[in-house]
Amino acid sequence: LAQPYAEVFCIEQQLNPDTVWGMFSAAERESLIARAYQFRQQLIESPEPVIAYRDEQEQFFLRPPLSSHWRIEHVATVEEGILRCVRSRYRTWVLDQARRAIEHRIRTELRRIDHALETLQKQVASASDADRYLEWGNLLASHPHRHQRGHNELSVETWDGQQLAVPLDPSKSVLQNAEHYFAQARKIRRGAEHARRRSGELRDRRAILEAAQRELAMSPSLLEIEAIEKRLFPVSSAGTLRQGRVLTPSASRVRRFALSGGYLLLVGKDARGNQELTFGIARPHDVWLHARGVEGAHGLIPLSSRILPPPAVIEHAAAIVAYYSAARNGTYVPVSWTQRKYIRKPKRGEPGAVTLLRESVVFVTPHNPSEAER
């Protein structure tokens, strides 16, 4: 980050940037330090804010870098430049988090598919046992002493004149043993047929997942990533209240808002509503939200599984929570979110006071929910 400023400073001061610090005398060093402090003060008092781009890298500077490797875009104010860079980095972070989450689900399913294929392959390989059981059953069924019991094995003559010892269950007659072998042969053949069919389905699914992995690596937008997720995991809207979770919060203290994907947002109306929401209604894996650093309502996205909502749903909920906070008139408000299991109630704390053991932060513009969302 300091390199572009160092380039400008060295040119303004007519210094060779490759000069070793030890080559300067004590007086020269003192003079350089004083001029560096003056240069820093100039940056603060009269900046020329720019956003510089190089190889997909975006950086905010108070003075344009002089290297030709940077593409420069001037901005009106320092605040605007910082805000644009924060937004850009946040979008990149959200994109990366969404991509990582889906990649993790894909890798997990691929491991399960490989394990299942290995098991199914063994089941297909066992189909040869069906032929042996069928042969034993036919030989026993044609034996003249087939109604006898008490034999552990029976020596029979095969179709090619060889003697074969067939193991028997002594509690059953020879004919019952034959019927048992016929049943085993049918079971193995059905299992092998199912294994072949299931193996084909799993290989097709694996090909789809591997293609999605390649597509995911090249997806430039959150919408495309979420479209891939919906296509791969059509039941991934799991975690919504439609899965059977019943909520009965006090209507006088909690607001309710519908979010995309069937999710629900609960927002406390006052300190006691926040208290009820966080420490009464919320379960460990539910998503909890609050505008960072200001007074405001607690938000809660109830879940019916451990699968977190998509980033777009969390952003939508965060924008509503930001509106019901002291920062509702801000343009870009940080909102903390975490799972309920990472929230603690301070000892002797006021109603609604919390301590977060872990948090993520999203930057949103406060959103006044419409009647349709209520």
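In this predicted model, helix 3 and helix 6 cross in a left-handed sense. Helix 3 covers residues 78-125, while helix 6 takes in residues 222-232. Their axes sit 10 Å apart and meet at an angle of about 20°. Because angles under 35 degrees count as roughly parallel, helix 3 is roughly parallel to helix 6.

As for who touches whom, helix 3 brings Val 94, Leu 95, Ala 98, Arg 99, Ile 102, Arg 105 and Ile 106 to the contact. Helix 6 answers with Leu 222, Ile 225, Glu 229 and Leu 232. Sorted by character, the residues of this contact come out as eight nonpolar and three charged, with no polar ones.

Helix 3 has other company too: it lies across strand 1, strand 2 and strand 3. Relative to strand 2, helix 3 runs at about 155°.

Those three strands make up an open sheet, lined up in the order 2-1-3 with antiparallel pairing. Strand 2 (57-61) and strand 3 (71-74) are the edge strands; each has a single partner strand, so one side of each goes without a neighbour in the sheet. From one strand to the next, the twist averages 25°.

Strands of a sheet pair through backbone hydrogen bonds, in either a parallel or an antiparallel way. Here, strand 1 (residues 50-54) and strand 2 run antiparallel and are joined by five bridges. Within this pairing, Val 50 stands opposite Phe 61 of strand 2.

Note on methods:
Residues numbered from 1 in each chain as written. Predicted model: local features only at pLDDT ≥ 70, side-chain atom pairs only at ≥ 80, totals over all residues. Heavy atoms only, no water. Pairing = 2+ DSSP bridges. Helix = DSSP H or I, 4+ residues; strand = E, 2+ residues; numbered from the N terminus. Axes fitted to C-alpha atoms, helices over the stretch in contact; angles between N-to-C directions. Contact = heavy atoms within 4.5 Å. Parallel < 35°, antiparallel > 145°, perpendicular 65-115°, else oblique. Left-handed = near helix turned anticlockwise from the far one by under 90°. Nonpolar A, V, L, I, M, F, W, Y, C, P; charged D, E, K, R; others polar.
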